[in-house]
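Colleague: I've got a model open and I'd like to learn how to read its helices and loops. Could you walk me through it?

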Amino acid sequence: MKKELTIWHNKSCSTSRKTLELLQQKTDTITIRDYIKNPPSVAEIKKVLKMMGQKPNYILRKKDKVYLELFADKNLNEEQWLEAMSKHPSIIERPIVIAGEKAYLARPFDVFAAKEDLF
């Protein structure tokens, strides 16, 4: 049985586009979420991080313009980072792929593309 896949996608990101293309070659059961236009809630981000076994810092996009302008000099706790990510989704690293009960940050692309347990 194929796993249902969801990608938190940003079409302006080349890695996100490459990841989506890879997923589309492997399966037709993909939900594409433009997480910039449809930001995840704090609860959704927490769930994805739990599926990854990671903390908020793992998916924090520190090169993002919003991050650099608003957060680069901040020392926030985990809950504050979750709130910031939900309010400013561009600071979430991309793409994130949710496959069944696991979630992956699809970076670097080559490492992600080599995963055998996605499909």
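Modeller: Happy to. Let's start with a term: a helix axis here is a line fitted to the C-alpha atoms over the stretch in contact, and angles run from 0 to 180 degrees between N-to-C directions. Keep in mind that this is a predicted model.

Colleague: Fine. How do I describe two helices that pack together?

Modeller: Two packed helices are described by the angle between their axes and the distance between the axes. Here, take α2, residues 42-52, and α4, residues 78-87: their axes cross at roughly 115° and come within 9 Å. The crossing of this pair is right-handed.

Colleague: Which residues of α2 and α4 meet there?

Modeller: From α2 you have Val42, Ile45, Lys46 and Leu49, and from α4 their partners are Glu79, Leu82, Glu83, Met85 and Ser86. By type, the residues of this contact divide into five nonpolar, one polar and three charged.

Colleague: Staying with α2, which of its residues are buried?

Modeller: "Buried" means under 20% relative accessible area, and "exposed" means over 50%. In α2 the buried ones are Val42, Ile45, Val48, Leu49 and Met52. They span an arc of only 130° around the axis, so they sit on the same side of α2. Turn to the other side of α2 and you find Ala43, Lys47 and Lys50 exposed.

Colleague: And what covers the buried residues of α2?

Modeller: The cover includes β1, α4, β3 and β4, the last being residues 102-105. Just after α2 comes Gly53, with a positive phi near 70°.

Colleague: Let's try α1. How does its reach from end to end fit the expected value?

Modeller: The expected span is 1.5 Å times one less than the number of residues. Helix α1, residues 14-26, has 13 residues and reaches 19 Å from first C-alpha to last, which is close to the expected 18 Å. Its buried residues are Thr15, Ser16, Thr19, Leu20, Leu22 and Leu23. Look down the axis of α1 and these fall within an arc of 160°, so they line one face of the helix.

Colleague: What do the buried residues of α1 pack against?

Modeller: Three strands and a helix are on that list: β1 (5-9), β2 (30-34), β3 (96-99) and α5 (109-113).

Colleague: Why does Arg17 count as partly exposed?

Modeller: Partly exposed is what lies between buried and exposed. Arg17 belongs to α1, and its relative accessible area of 42% makes it partly exposed. Setting aside neighbours within four places in sequence, Arg17 is in contact with His9, Lys11 and Ser12. Lys18 is another residue of α1, and at 45% relative accessibility Lys18 is partly exposed.

Colleague: How do I spot places where the fold brings distant parts of the chain together?

Modeller: Set the separation in sequence beside the distance in space. Lys18 and Phe109 are 91 residues apart along the chain, with 7.9 Å between their C-alpha atoms. For Arg17 and Pro95, the figures are 78 residues in sequence and 8.7 Å in space, C-alpha to C-alpha.

Colleague: Pro95 has come up now. Which residue does a cis peptide bond join to Pro95?

Modeller: Omega is the angle to check. A cis peptide bond joins Arg94 and Pro95, with omega about -10°. Pro95 sits in the loop between α4 and β3. A cis bond also joins Arg107 and Pro108, where omega is about -15°. Pro108 is in the loop between β4 and α5.

Colleague: What does Arg107 touch?

Modeller: Not counting residues up to four places away in sequence, Arg107 touches Cys13, Thr15, Glu93, Arg94 and Pro95. Arg107 lies in the loop between β4 and α5 and is partly exposed, with a relative accessible area of 31%. Arg107 and Ser16 are 91 residues apart in sequence, yet 9.2 Å apart in space, C-alpha to C-alpha.

Colleague: One more: where is His88 found?

Modeller: His88 is in the loop between α4 and β3. At 22% relative accessibility, His88 counts as partly exposed, since buried means under 20%. Leaving out residues up to four places away in sequence, His88 touches Val66, Leu70 and Phe71. Lys63 is 25 residues from His88 in sequence and 14 Å from it in space, C-alpha to C-alpha.

Definitions and conventions
Residues are numbered from 1 along each chain as its sequence is written. This is a predicted model: local features need pLDDT of at least 70, side-chain atom pairs count only at pLDDT 80 or more; totals for chains, interfaces and linings use all residues. Side-chain values use heavy atoms; hydrogens and water are left out. Helices (H or I, at least four residues) and strands (E, at least two) are DSSP runs, numbered from the N terminus. A crossing is left-handed if the near helix is turned anticlockwise from the far one by less than a right angle, and right-handed if clockwise. Contact means heavy atoms within 4.5 Å. Ala, Val, Leu, Ile, Met, Phe, Trp, Tyr, Cys and Pro count as nonpolar, Asp, Glu, Lys and Arg as charged, and the others, Gly among them, as polar. Buried means under 20% relative accessible area, exposed over 50%, partly exposed in between (1.4 Å probe, protein chains only). The arc is that of the directions from the helix axis to the C-beta atoms.
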